[in-house]
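Colleague: I should be grateful for a close look at a single part of this model, followed by an account of how that part sits within the whole.

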Amino acid sequence: MKTLLYKQLRLVCHPMTPVFCLFGVMILIPNYPYSVTFFYVTLGLFFTFLNMREQKDIYYSAILPIRKRDTVKASVLFAVLVEVLSVIITALFCVLSAQLQPGKDNAVGMDGNLMLLGAGFLIYGVFNLVFFTALYRSGYKVGVAYVKANIAMWPTMLAAEAVVHFPGLVWLNRVDAQAELRQLPIFLGGVVLFEALTLVAYRRSAALYEKVDL
């Protein structure tokens, strides 16, 4: 698996994928829908899997002495590495934003806090479930898989941006210590859902891909 991940990173990872991970810097933009940060990371993953298709990596992997299931696992693990890295970078900019702009309140949606990071994990979980399940029905329909993933992902993003404006839930949009403590279960819930949805994505995708006749 280590060798397959190395192949993903060296041969098919699109240059824009790590660049989009740095888009956590957008947390410093006042009054901006910060969930878009996570969308750009999924766009980077789309570029990588499109690059994988164009380089015929799917057929190259098929002639290697590995199971089809291992090919899917390497792809999912690669996506998870990228997604977790992006959340870590976003978290660093959340801390920086709180230091540089104390008392800042995002009038558009979520602010740079644990609520945002938990929502990010949930968004990635939804993306992984739909994208990989759709992709490995054939192994090469990357565009169709990405469109389907966006249809599921964008309502999740919009709901997360909107919920912080509901009466009684304004504490979801704060960055003080007391509010962050209340947001901690939401963050942990997002992490758990990310893990669960990604695991389901892997298992369903592997089962589907094993039936594909390349």
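Which residues does Phe49 touch, not counting residues up to four places away in sequence?

Modeller: The model is a predicted one, and what follows should be read accordingly. With residues up to four places away in sequence set aside, Phe49 touches Ser75, Phe131, Phe132, Leu135, Tyr136 and Val142. Two of these partners reappear when the interior is considered: Phe49, Phe131 and Tyr136 are the residues with the most contacts inside the largest nonpolar core, a set of 56 residues.

The contributions to this core come from along the chain. Helix H1 (2-12), helix H2 (16-21), helix H3 (36-54), helix H5 (68-100), helix H6 (114-135), helix H7 (142-163) and helix H8 (177-209) each supply at least two of its residues. H6 gives the most, with 13 residues. Phe49 itself falls within the span of H3 (36-54), and its partners Phe131, Phe132 and Leu135 fall within that of H6 (114-135). Ser75, also touched by Phe49, lies in the range of H5 (68-100), while Val142, another partner, stands at the start of H7 (142-163). In general terms, nonpolar side chains tend to be buried together in soluble globular proteins.

The setting is helical: the chain has eight helices and zero strands, in the order α-α-α-α-α-α-α-α from the N terminus on. Its radius of gyration is 18 Å, close to the 17 Å that the globule rule gives for 214 residues, so the chain is as compact as a globular protein of that length. Along the principal axes, the C-alpha atoms fill a box of roughly 55 × 30 × 25 Å.

Contacts within the chain can be described by separation in sequence. Of those with a separation of 6 or more, 83% are accounted for by residues 24 or more positions apart. As for burial, 49% of the 214 residues count as buried. The accessible surface comes to about 10,200 Å², and carbon and sulfur atoms hold 70% of that area.

The cysteines complete the picture. The structure holds zero disulfides. Cys13 is in no disulfide, and the nearest cysteine sulfur, that of Cys21, is 8.3 Å away, whereas a disulfide would require the two sulfur atoms to be within 2.5 Å. In terms of exposure, Cys13 is partly exposed, with a relative accessible area of 22%, whereas Cys21 is buried, at 3%.

Technical notes:
Residues are numbered from 1 along each chain as its sequence is written. This is a predicted model: local features need pLDDT of at least 70, side-chain atom pairs count only at pLDDT 80 or more; totals for chains, interfaces and linings use all residues. Side-chain values use heavy atoms; hydrogens and water are left out. Buried means under 20% relative accessible area, exposed over 50%, partly exposed in between (1.4 Å probe, protein chains only). A nonpolar core is a set of buried Ala, Val, Leu, Ile, Met, Phe, Trp, Tyr and Cys residues joined through side-chain atoms within 4.5 Å. Helices (H or I, at least four residues) and strands (E, at least two) are DSSP runs, numbered from the N terminus. Contact means heavy atoms within 4.5 Å. The radius of gyration is taken over C-alpha atoms; the globule rule is 2.2 Å times the number of residues to the power 0.38. Accessible areas come from the Shrake-Rupley method with a 1.4 Å probe; for residues, only the protein chains shown count as cover.
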